[in-house]
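Here is a colleague's note on this structure, set out as numbered points. Please read it with the coordinates open.

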Amino acid sequence: MVKMLLLGMYITELGEKSQFRMINTALYEEPVVLAMPKGSEDLLPIINRAIKEVNRQGQLEKIQQKWFGISTPLIQAEPEKGYIRGVLIAGAILLATISFVSLNNISLKRMVRLRTRELENSRNELQLIFDSIPDYIAILDEKQNVINANKGILQYAGLNIEQCIGKPVYTLFEKMQQDEVQKALQEALQQDGRQCKFKSGKDVYEMQTHHMKVPDIGILLTLRNITLDEVNRKQLLQSSKMLAVGQLAAGMAHQIRNPLSIIRMHTYMLRENISMDDSGKRSLAYIDESAQKANKIIDNVMNFWHISGNQLEKIHLYTIFQSILQLHENALKKKKIQTEFQCRSDLYFICNPETLKHILVNLVSNAIDAMDFDGHLILSGESQDAEIIISCQDNGCGIPDECREYLFNPFFTTKDPGKGTGLGLFIVYSEVEKLSGEIKVDSKVGCGTKFTIYLPKGEE
């Protein structure tokens, strides 16, 4: 066997190894175990450490190759153990990787669910705020089709959101005058934030548009009913005018009463002149009468413009009627309108005098406008149980049936353009409601109109 090994070494040195093949068993095919005497136990860990180091550095393979000329290991490790160990390590790594990925996926899914829930809550909150806005709001795409709309405009249109999405914006405004809506929308689209007003029926609206810099969202459209704002603005303007007229009337009253006092004083002095004949005395009487009449007109104007706020007073209705007609004296004379009172001279009740005056001034003014020459105007008042019933009746042109529904609406008027604001009867209706009263109208075209007001008597 030794000879064969030596022969193999020489063959290797001669470079003829490829021409020969070893057919016998190599030396020391089986593992070798070294035994130590019991008295040398201290050497045992040293020997084991040395053997482990020799195996780690591959010293046996190097000796085999150098001295015996063969590359086959003298001792072959059991491949099954290394293979199993590798498989176990790889499986452990794979299992750890799978566990890590699974845990990471579970964490990501939990975070996704959490963020999704937060986004859903945020979207619901924004939608709730969107729906609670009193203005009409719609979100449109670039083709002016509806993407979203708030609750206010959906309730007005009588539709739900599913019926509107993808439809033209005019679907939301079918109850309005389409030509006015289209005109306002085209004007509003020309400039962001431009306020475009239009009228539809009895209401006044204000439209605005804003182009959004958000993908798939083109236009934010807002629509607001400004009818009451317009009414309040015009009422404030009217109140300002009335206040200015009142101040002017006070100044004029002071300036006019001074010369009237001088005129009356001198007529008194002239009347005391014994030498004056009857013709002169009659002239002085006419002067006194005219001066006294002018003074009464000034008193009436001053009483009408007197500011009393919400104070309630005991009112003599007959006197109120007289003062109202004196304010319209010129118009009544110009049209030769006859007036008639149907009211007891001792009728009193508790009310706000300025409010009642504004009501009657508007009713009498409308009655005069409705009558031609030689008309007949009747003001009446009576007490019935706990109510005071006041009426204003004329024999003018009357009110068509189709107009009665809108009679007390703001800005509604049957007068020619420029001759009426459409606020007179609206103010009358509002003031009657403030007095906790009720107003009714009875009219026939060509025969005339009668407004009847029912007011509580009030308590002193």
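Which residues make the nonpolar surface patch of about 580 Å²?

1. The surface patch. The model is predicted. Its nonpolar patch is made by Leu34, Met36, Leu43, Leu44, Ile46, Ile47 and Ile51. The patch covers about 580 Å². Met36, one of these residues, sits in the loop between helix 1 (2-14) and helix 2 (43-57). Its relative accessibility is 33%. Met36 therefore counts as partly exposed, since that class runs from 20% to 50%.

2. The largest core. In soluble globular proteins, nonpolar side chains tend to be buried together. Here the largest nonpolar core has 38 residues. Leu356, Leu377 and Ile390 have the most contacts inside it. Several elements give two or more residues to this core: helix 9, strand 8 (348-351), helix 11 (353-370), strand 9 (376-384), strand 10 (387-394), helix 13 (424-434) and strand 12 (448-456). Helix 11 gives the largest share, 8 residues.

3. Ile390 in detail. What does Ile390 touch, leaving aside its neighbours within four places in sequence? The contacts are Leu317, Phe321, Phe349, Leu356, Leu360, Ser380, Gly381, Phe451, Thr452, Ile453 and Leu455. Leu356 is thus on this contact list, and Leu356 is also among the residues with the most contacts inside the core.

4. The second core. A separate core has 25 residues. Tyr136, Tyr156, Met176 and Tyr205 are among them.

5. Asn148. This residue lies in strand 2 (residues 146-149). Its side chain makes a polar contact with the side chain of Gln127, at 3.3 Å. Leaving aside neighbours within four places in sequence, Asn148 is in contact with Gln127, Phe130, Ala138, Ile139 and Ile161. Gln127 therefore appears both as the polar partner and on the wider contact list, where the cut-off is 4.5 Å between heavy atoms.

6. Leu327. Helix 9 spans residues 317-327, and Leu327 lies in it. Buried or exposed, or in between? Leu327 is partly exposed, because its relative accessible area is 34%. In sequence, Leu327 and Val361 are 34 residues apart. In space, their C-alpha atoms are 8.5 Å apart.

7. Positive phi values. Most residues other than glycine have a negative phi. Two residues deserve a check on the map of backbone angles. Lys336 has a phi near 55°. Lys336 lies in the loop between helix 10 (329-334) and strand 7 (338-343). With a relative accessible area of 57%, Lys336 is exposed. Ser436 has a phi near 60°. Its place is the loop between helix 13 and strand 11 (438-444). At 61% relative accessibility, Ser436 counts as exposed.

8. Salt bridges in total. How many salt bridges does the structure hold? The structure holds 8. Side chains of opposite charge can pair when their charged atoms come close. The next points take up some of the pairs.

9. Glu118 and Arg115. Their side chains meet in a salt bridge at 3.8 Å, N to O. Both residues are in helix 4 (residues 79-132). They are separated by about one helical turn, because they are 3 residues apart in that helix. Glu118 is partly exposed at 42%. Arg115 is partly exposed, with a relative accessible area of 42%.

10. Glu329 and Lys333. This salt bridge is 3.1 Å, N to O. Both residues lie in helix 10, 4 residues apart, about one turn of the helix. Glu329 counts as partly exposed at 22% relative accessibility. Lys333 counts as exposed at 53%.

11. Lys434 and Glu431. The closest N and O atoms of this salt bridge are 3.5 Å apart. Why about one helical turn between them? Lys434 and Glu431 are 3 residues apart in helix 13, so about one turn separates them. Lys434 is exposed, at 62% relative accessibility. Glu431 is buried, with a relative accessible area of 13%; the cut-off for buried is under 20%.

12. A salt-bridge network. Glu206, Arg224 and Asp229 are joined into one network. The salt bridges there share partners.

Terms used. Residues are numbered from 1 along each chain as its sequence is written. This is a predicted model: local features need pLDDT of at least 70, side-chain atom pairs count only at pLDDT 80 or more; totals for chains, interfaces and linings use all residues. Side-chain values use heavy atoms; hydrogens and water are left out. Patches are made of residues with over 30% relative accessible area and no salt bridge: like charges are joined within 9 Å, nonpolar side chains (Val, Leu, Ile, Met, Phe, Trp, Tyr) within 5 Å. Accessible areas come from the Shrake-Rupley method with a 1.4 Å probe; for residues, only the protein chains shown count as cover. A salt bridge is a side-chain nitrogen of Lys or Arg within 4 Å of a carboxyl oxygen of Asp or Glu. Buried means under 20% relative accessible area, exposed over 50%, partly exposed in between (1.4 Å probe, protein chains only). A polar contact is a pair of N or O atoms within 3.5 Å; within protein, one must be able to donate a hydrogen and the other to accept it, and residues adjacent in sequence count only if both atoms are side-chain atoms. A nonpolar core is a set of buried Ala, Val, Leu, Ile, Met, Phe, Trp, Tyr and Cys residues joined through side-chain atoms within 4.5 Å.
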